[in-house]
Every structure is written in C-alpha cells, then in structure tokens.
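Me: I am new to this structure and would like to go through it slowly. Please show it to me before we begin.

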Amino acid sequence: MTSTNDQPQNGTKTLEAMKSFSETYAKRTDTYFCVDPSVTAVVIEGLARHKDELGSPLCPCRHYEDKEAEVKAAYWNCPCVPMRERKECHCMLFITPDNDFAGDQQDITMDELIKARESLS
Amino acid sequence: MTEPVTDKEFKAVVLDSDIPVLVDFWAPWCGPCRMVAPVVDEIAQQYDGKVKVVKLNTDENPAVASQYGIRSIPTLMIFKGGQRVDMVVGAVPKTTLASTLEKYL
C-alpha cells in the first residue's frame, strides 16, 4: 500500500487502516486491547500519524534521534520485532491475556478513536 | 498537577534543584504515558516539599531526552544534586515508584 501526501492529518483513512490492522493483528496473535480503551485509541492515532508523516507506523512509545532512519531500520515499525518474536508490546496496544491490563476486546470503535484524536489535537 | 519542564528550563528546574526531582519523560501518542500520569500526580502530592515532580514532552524537547538516552516511553528518571541517580521504565504501579524514590530522600 502506498501513501500519498495529499491526505491531511484530519482525514480518517489512515486511522481506519491502523484500526483494521490492530484488530486483525490482535486476533491473529491472541492478544487483547487495554482495559482502558483510551490507551488503545491514543496508540492507534500515534501509529496513523507516523504512517502519514513517515510512510511507516513507527512505534509512538519510543524517542528517536532520527525518525526517518528508524523507519528504514524497520525494527520499531509496528508490529515491531519484540512483538513479532516475543509478543512484547511496551506500548500496551497488544496485551497478552495474563497481563492485568488486558481487557476482553480485540475491536475498538471509530468513535473511541475520534474521541482520542480530538482530546489531544 | 505536575508541572511541565522544557529543554531550556531543565538545568534551572531539575539539575540545580535543592531537593530530588522526578522527571516523567512522556509523549502525546504514547498509551502507557496516559496510565502513568495520574500515578505521577499522586506521587507529587504525597511527596510535596520533599521531591519536585515535573514532566517533559520528548517530542517538543528532544535535546534533554537524547542527552539522557531516553528510548522507551514513558521513562521516569530521578535526579539528585544535578545527577541522574535512578530510573524506571514503563507504566509502573505507584508502590514501585514510591519505593524507588524513598532511596533518595
């Protein structure tokens, strides 16, 4: 999938794509979203922003010296290497069921995502 | 509420502080940062006068974040006498944060 620069941040196309990716990936890996859906929503918004800005959904829970270089390195592009290898998501998007913060949902509503976007814009 | 601190103010507010300082390194689109923020606020109240508690937005203040090698967010760092003395990474329970802080009082 190629991204173009004519999609402004207030468009929801990338957000919908990241929502769909997150739901599918949670189901595929038997992981769950956080009991607090605002945590999930903020992370998905962060992924969508990085996808729009950089072309890849770089993890929003890291500080980078150089985001473009990190995208090329690919290690922290979601799903990151620790998640793919060991189901470790320190961003708490994909949580294993044994974790206290795991909820029982693998889906999130568009309303929840829009609410998070508006709360932080 | 926990006071924000910037790259510019960091030396005066954190490094030159007479009492230990807890710095919450956070970013706007980081989920676990939202979970740890109320814990940090509670710590600020509990240790009022004994520990200074501030938060630094790493997106807006990359210089300090890079200087201290911040990678995973949230990272909570403790400074005493201008030096970094300890840190805790991730959304931790209040008890963990409190027991880490107690060592430096």
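Reply: Before we start, contact means heavy atoms within 4.5 Å, while helices (H or I, at least four residues) and strands (E, at least two) are DSSP runs, numbered from the N terminus. This is a predicted model, in which local features need pLDDT of at least 70 and side-chain atom pairs count only at pLDDT 80 or more, whereas totals for chains, interfaces and linings use all residues. Residues are numbered from 1 along each chain as written, chains are lettered from A and ligands numbered from 1 in the order in which they are written, and side-chain values use heavy atoms, with hydrogens and water left out.

Me: Which elements of chain B do the buried residues of α4(B) pack against?
Reply: Helix α4 of chain B spans residues 94-102, and its buried residues (under 20% relative accessible area, where over 50% is exposed and in between is partly exposed, with a 1.4 Å probe and protein chains only) are B:Leu97, B:Ala98, B:Thr100 and B:Leu101. Because they cover an arc of only 160° around the axis, taken from the directions from the helix axis to the C-beta atoms, they lie on the same side of α4(B). The elements of chain B that they pack against are β2 (21-26), α2, β4 (75-80) and β5 (83-89).

Me: Which residue forms a salt bridge with B:Lys94?
Reply: A salt bridge is a side-chain nitrogen of Lys or Arg within 4 Å of a carboxyl oxygen of Asp or Glu. B:Lys94 is partly exposed, with a relative accessible area of 28%, and its partner is also partly exposed, at 39%. The closest N and O atoms of the pair are 3.4 Å apart, and the partner is B:Glu42.

Me: How far apart in helix α2 of chain A are A:Arg49 and A:Glu45?
Reply: A:Arg49 forms a salt bridge with A:Glu45, the closest N and O atoms being 3.0 Å apart, and both residues are buried. An α-helix has 3.6 residues a turn, so residues three or four places apart point the same way. In helix α2 (residues 37-54) of chain A, the two are separated by about one helical turn, being apart by four residues.

Me: Which residue of chain B forms a salt bridge with A:Glu65?
Reply: In the contact between the chains, 18 residues of chain B meet 21 residues of chain A. Across this interface the rule finds one salt bridge. Its closest N and O atoms are 3.6 Å apart, and the partner of A:Glu65 is B:Arg71.
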